[in-house]
Protein chains: 2
Amino acid sequence: MRSPSTAHDRLIRKLESIADLSPDDRRALQDLSFGTKLVLPNQSIVQEGEDPDQCCLLVKGPIHRYKLRPNGSRQILSFHLPGDILDLQNLYLTRSDHSIGIVVPNQVAFVPHETLKTLADDCPGIGVAFWRDTLIDAAILREWIVNVGARSAQPRIAHLICELFTRLKALWLSEEDGFTLQLTQAEIGEATGLSTVHVNRTLQDLRRSNLIASEGRFLRILNWAGLQREACFDPAYLHLKTLEAA
Amino acid sequence: MRSPSTAHDRLIRKLESIADLSPDDRRALQDLSFGTKLVLPNQSIVQEGEDPDQCCLLVKGPIHRYKLRPNGSRQILSFHLPGDILDLQNLYLTRSDHSIGIVVPNQVAFVPHETLKTLADDCPGIGVAFWRDTLIDAAILREWIVNVGARSAQPRIAHLICELFTRLKALWLSEEDGFTLQLTQAEIGEATGLSTVHVNRTLQDLRRSNLIASEGRFLRILNWAGLQREACFDPAYLHLKTLEAA
DNA sequence: TGCAAAAATTAACAAGCGTTAATGATGTTG
DNA sequence: CAACATCATTAACGCTTGTTAATTTTTGCA
């Protein structure tokens with residue numbers, strides 16, 4: 001499973017992971033013309049794509065959404081992976097209520113709003129895919145609430161790992177038995193609402209249980225069934241097409 | 001401030017709280033014809049409105065979305081108030097990943113999907129309002145994540161109160177200095193990820209601090225500025241029109 | 001009005017997790 | 001390759017919150 005190389009491939013792969021595309025839909029997406037731009041850590045995507053008539057499409061590298069609290073702490077709200085459309089919400093909401101964080105060099109593409117709207121109108125399959133994407137975003141947020149609100153440390157971190165692995169796999173961006181986790185333990189803490197120290201303790205527990213293994217940045221999953229059980233992970237909320245048969 | 005009496009009024013009030021409606025938009029909404037139905041606690045709205053071609057509109061009484069966990073505990077994900085469209089997501093996602101809870105007798109209306117789509121197409125203001133509603137739903141979920149993930153018990157419960165009061169007020173469904181809280185302490189715990197006992201302790205703290213007072217089901221807000229400060233509540237994420245001036 | 005059920009409250013105790021701070025490991029840059 | 005910064009790890013301690021269970025109060029209903 002090698003990762004797709006072009007921006008178009010990634011967008012198509014993303015949309016196909018959640019909806020059915022007809023050959024016409026795929027062709028229309030392939031014919032879409034846009035320029036890509038490299039964004040470095042600590043740069044702002046919004047500033048880069050300041051043209052308010054353009055949508056921003058994530059091509060390479062994960063980003064996360066977060067809120068900064070008055071006391072200085074951060075809460076990470078979600079992760080976004082290649083193929084995701086980043087600012088659909090800026091289309092209809094004026095003020096942004098959160099920030100976007102970039103940790104590794106990212107590649108983004110900019111597409112005019114009008115182009116996307118025309119695309120959605122002309123290709124019903126694409127329009128449905130956009131709607132599904134938005135609604136799945138919300139479904140992921142709901143599961144995130146369960147994670148930080150109801151699970152104890154070990155299943156909580158296990159669940160985060162399960163979600164990332166499953167989503168990456170659907171995009172063909174993971175290895176068979178693991179993936180490169182682009183997160184420090186401090187960031188895992190900000191995503192799960194746990195302190196850095198406790199994240200460390202908990203990861204060690206997961207390793208001692210032979211559920212996962214760390215090899216540098218690579219996170220190997222030693223016991224996928226066991227990890228899912230520990231996390232109470234049910235991928236249904238991701239509404240992935242590959243899971244619909246199951 | 002008395003609550004509006006008809007389903008049409010409530011829907012219009014809801015949409016006007018988040019978007020600008022033209023006189024034509026309002027007329028079109030007034031002319032919308034639909035039947036309403038009473039739903040009692042522990043009944044399922046989805047079963048009631050089993051026609052998959054119809055959308056369900058909440059007319060009276062709050063509902064909440066929740067997930068049931070394998071160990072039997074519940075996590076409440078969000079509250080919905082009169083005027084909200086409940087199953088936009090069933091329009092595009094086949095399987096529901098959560099349940100809807102009804103605690104007090106509700107009144108709901110059913111509108112065919114086609115009608116809503118036509119309405120959105122013919123009246124651009126209404127189409128924008130539907131999109132904004134969906135995106136604001138997600139924004140509320142994000143703030144909910146911050147609440148359960150990052151805030152300690154007292155600000156956490158204070159924040160829930162602030163959100164409900166602000167949203168009810170925007171719909172003209174609150175009193176000037178408080179509102180009827182249709183929640184038991186156990187439910188507040190399920191919404192905030194706290195145990196019932198600790199919810200009780202924390203509510204007493206808030207009362208001792210003279211921020212709120214309980215009078216039966218009525219929750220009186222004694223110090224609105226202080227409560228917001230305690231909760232670190234910034235209503236911007238609700239994207240309410242009434243707040244845009246501020 | 002009176003009874004039963006649900007909800008709120010209190011107490012005692014346990015434990016999971018946060019905090020602080022120091023040390024070791026890893027990676028990065030000139 | 002050395003110096004530095006970032007990140008992972010460990011330890012000690014305490015506090016917030018959970019758990020269990022009993023009691024009181026309120027609510028709802030006959």
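This report describes a predicted model of two protein chains with two DNA strands, covering symmetry, DNA contacts, one helix residue, backbone geometry and cysteines.

## Relation between the two chains

A turn of 180°, with a shift of 0.0 Å along the axis, lays chain A on chain B with an RMSD of 0.0 Å. This is the relation of a two-fold axis. Both copies use the same surface, since 100% of the contact residues of chain A recur in chain B.

## Surroundings of DNA strand C

DNA strand C is surrounded by 15 residues, of which A:Ser195, A:Arg201, B:Gln185, B:Asn200 and B:Gln204 are the closest. Of the atoms of DNA strand C that come within 4 Å of the protein, 63% belong to sugar and phosphate. By residue class, the surface near DNA strand C comprises four nonpolar, eight polar and three charged residues. Helix 8 of chain A and helix 8 (196-208) of chain B each contribute at least two residues to this surface. The most, five residues, come from helix 8 of chain B.

Several side chains place an N or O atom by a phosphate oxygen of DNA strand C. For B:Asn200 the separation is 2.8 Å. For A:Ser195 the corresponding value is 3.0 Å, and for B:Arg207 it is 3.1 Å.

## Surroundings of DNA strand D

Around DNA strand D there are 15 residues, and the closest are A:Gln185, A:Asn200, A:Gln204, B:Ala153 and B:Arg201. Sugar and phosphate make up 60% of the atoms of DNA strand D that come within 4 Å of the protein. The surface near DNA strand D divides into four nonpolar, eight polar and three charged residues.

The contacts of DNA strand D involve both backbone and base atoms of the partners concerned. An N or O atom in the side chain of A:Asn200 is 2.8 Å from a phosphate oxygen of the strand. At B:Ala153, a polar backbone atom is 3.0 Å from a phosphate oxygen of DNA strand D. The side chain of B:Arg201, by contrast, has an N or O atom 2.9 Å from a base nitrogen of DNA strand D. Two or more residues of the surface near DNA strand D come from helix 8 of chain A and likewise from helix 8 of chain B. Helix 8 of chain A gives the most, with five residues.

## Environment of B:Asn147

B:Asn147 is placed in helix 5 (residues 124-150) of chain B. With a relative accessibility of 6%, B:Asn147 counts as buried.

Its side chain takes part in a polar contact of 2.8 Å with the side chain of B:Arg151. A polar atom of the B:Asn147 side chain also lies 3.1 Å from the backbone oxygen of B:Arg156. When residues up to four places away in sequence are not counted, B:Asn147 touches B:Pro155, B:Arg156, B:His159 and B:Leu160. B:Arg156 is thus one of the residues touched by B:Asn147 and also supplies the backbone oxygen described above.

## Positive phi angles

Two residues that are not glycines are described here for their positive phi. A:Asn210 has a phi of about 60°. The residue is found in the loop between helix 8 (196-208) and strand 8 (212-215) of chain A.

B:Cys232 has a positive phi of about 55° and is likewise not a glycine. This cysteine lies in the loop between helix 9 (224-231) and helix 10 (241-244) of chain B. B:Cys232 counts as partly exposed, because its relative accessibility is 36%.

## Cysteines without disulfides

Over all chains, the structure holds zero disulfides. Why does A:Cys123 form no such bond? The closest cysteine sulfur, in A:Cys55, is 16 Å from the sulfur of A:Cys123, which is too far for a bond; a disulfide would require the two sulfur atoms to be within 2.5 Å. In chain B, the sulfur of B:Cys123 is 16 Å from the closest cysteine sulfur, that of B:Cys55, and is therefore too far away for a bond.

Is Cys123 buried or exposed in each chain? A:Cys123 counts as buried, at 10% relative accessibility. B:Cys123 also counts as buried, at 9% relative accessibility.

How values were computed
Residues are numbered from 1 along each chain as its sequence is written. Chains are lettered from A and ligands numbered from 1 in the order in which they are written. This is a predicted model: local features need pLDDT of at least 70, side-chain atom pairs count only at pLDDT 80 or more; totals for chains, interfaces and linings use all residues. Side-chain values use heavy atoms; hydrogens and water are left out. Buried means under 20% relative accessible area, exposed over 50%, partly exposed in between (1.4 Å probe, protein chains only). Copies are superposed by least squares on the C-alpha atoms of residues with pLDDT of at least 70 in both. Contact means heavy atoms within 4.5 Å. Helices (H or I, at least four residues) and strands (E, at least two) are DSSP runs, numbered from the N terminus. A residue is near a molecule or strand if one of its heavy atoms lies within 4 Å of it. A polar contact is a pair of N or O atoms within 3.5 Å; within protein, one must be able to donate a hydrogen and the other to accept it, and residues adjacent in sequence count only if both atoms are side-chain atoms. Ala, Val, Leu, Ile, Met, Phe, Trp, Tyr, Cys and Pro count as nonpolar, Asp, Glu, Lys and Arg as charged, and the others, Gly among them, as polar.
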